[in-house]
Amino acid sequence: MRLTHLRNVTLTALLALAVVLGTGGSATAAEPAAADLTFTAGQQTVTPGSSVDLTMTFTNNQETDIWFVYQSVQPTWTTTQRKDLKYAFTACTSEGVTCSGTGTTSLGVGYAVPLAPGATRTVTLTVQVAADSGCNGNIGFYSYLYYEYNGGQATKDGLFTTPETRVVCAPAATAARS
């Protein structure tokens, strides 16, 4: 008889918990927070002598101002293994952002702070492929992002990967006509 009583109490407690959780979660579904950092590439392929723009958007998805940001943009390991690929960041344009390392294969990005909750900064990074660059290789970058918010009491960091851009060469017949 005690076992039946225990089962009834347990079943009642579980049903009560399900009702509490069920009504608590059904109010309004919160929208997912925007990603910290997103990238898009202006095109998927480039040829030697041309350039591609990478657009990077940093979003403060926290509930307080961001007071410190450190970001670096580096070539991926596979990109560094292709010694025949020649490229460099030739421009970094945005309002409220400064870049260091233009003219090289990696950048440092600095954001004007404080950055209010929900605010974004969009940066256009131009990658120039050298005219004598090798072909049939991918150029890709990763970005390390670290920031502090909540008056410096909380931090967040992570790695973000850009879309890769493939370097292709014009077919020999097309190059001969030029």
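Two strands count as paired if DSSP finds at least two bridges between them. Strands (E, at least two residues) and helices (H or I, at least four) are DSSP runs numbered from the N terminus.

The model is predicted: local features need pLDDT of at least 70 and side-chain atom pairs count only at pLDDT 80 or more, while totals for chains, interfaces and linings use all residues. Residues are numbered from 1 along each chain as its sequence is written, and side-chain values use heavy atoms, with hydrogens and water left out.

**Exercise 1. State the strand order of the five-strand open sheet, and find the residue opposite Y70.**

Solution.
- Step 1: The order is 6-7-4-10-11, and the pairing is antiparallel.
- Step 2: At the edges stand strand 6 (97-100) and strand 11 (154-161); each has a single partner strand, so one side of each has no neighbour in the sheet.
- Step 3: From one strand to the next, the twist averages 15°. Axes here are lines fitted to C-alpha atoms, for helices over the stretch in contact, and angles run from 0 to 180 degrees between N-to-C directions.
- Step 4: Strand 4 (residues 66-75) and strand 10 (residues 141-149) run antiparallel and are joined by nine bridges.
- Step 5: The residue opposite Y70 is Y146 in strand 10.

**Exercise 2. Describe the open sheet of three strands and its edges.**

Solution.
- Step 1: The strand order is 2-12-9, with mixed pairing.
- Step 2: Strand 2 (45-46) and strand 9 (137-139) are the edge strands, each pairing on one side only.
- Step 3: Two bridges link strand 2 with strand 12 (residues 165-167) in the parallel sense.
- Step 4: V46 has V167 in strand 12 as its bridge partner.

**Exercise 3. Trace the pairing of strand 3 with strand 1 and with strand 8.**

Solution.
- Step 1: Strand 1 (residues 37-41) pairs with strand 3 in the antiparallel sense over five bridges.
- Step 2: In strand 3, L54 is the residue opposite A41.
- Step 3: Strand 3 is also joined to strand 8 by nine bridges, and these two run antiparallel.
- Step 4: V123 in strand 8 faces M56 as its opposite residue.

**Exercise 4. Locate the largest cavity and classify its lining.**

Solution.
- Step 1: A cavity is a set of points, on a 1 Å grid over the protein atoms alone, where a 1.4 Å probe fits but cannot get out; lining residues have an atom within 4 Å of a point.
- Step 2: There is one cavity of 30 Å³ or more, and the largest has a volume of about 50 Å³. Volume is the space filled by probe spheres set on the points, which are joined across faces, edges and corners.
- Step 3: Among the lining residues are V46, L54, V129, F141 and T165.
- Step 4: Strand 3 (51-59) and strand 8 (120-129) each supply at least two lining residues.
- Step 5: The lining has eight nonpolar, two polar and no charged residues. Ala, Val, Leu, Ile, Met, Phe, Trp, Tyr, Cys and Pro count as nonpolar, Asp, Glu, Lys and Arg as charged, and the others, Gly among them, as polar.

**Exercise 5. List the disulfides and say where C135 and C169 lie.**

Solution.
- Step 1: With a disulfide taken as a pair of cysteine sulfur atoms within 2.5 Å, the count is two.
- Step 2: C92 is joined to C99, S to S 1.7 Å.
- Step 3: C135 and C169 form a disulfide with sulfur atoms 1.3 Å apart.
- Step 4: C135 lies in the loop between strand 8 and strand 9, and C169 in the loop between strand 12 and helix 3 (172-177), 34 residues apart.
- Step 5: C135 is buried at 18% relative accessible area, whereas C169 is partly exposed at 38%. Buried means under 20%, exposed over 50%, and partly exposed in between (1.4 Å probe, protein chains only).

Technical notes
1 Å grid on protein atoms, 1.4 Å probe; cavity = no way out; pocket = protein on both sides within 12 Å on 5 of 7 lines; lining within 4 Å.
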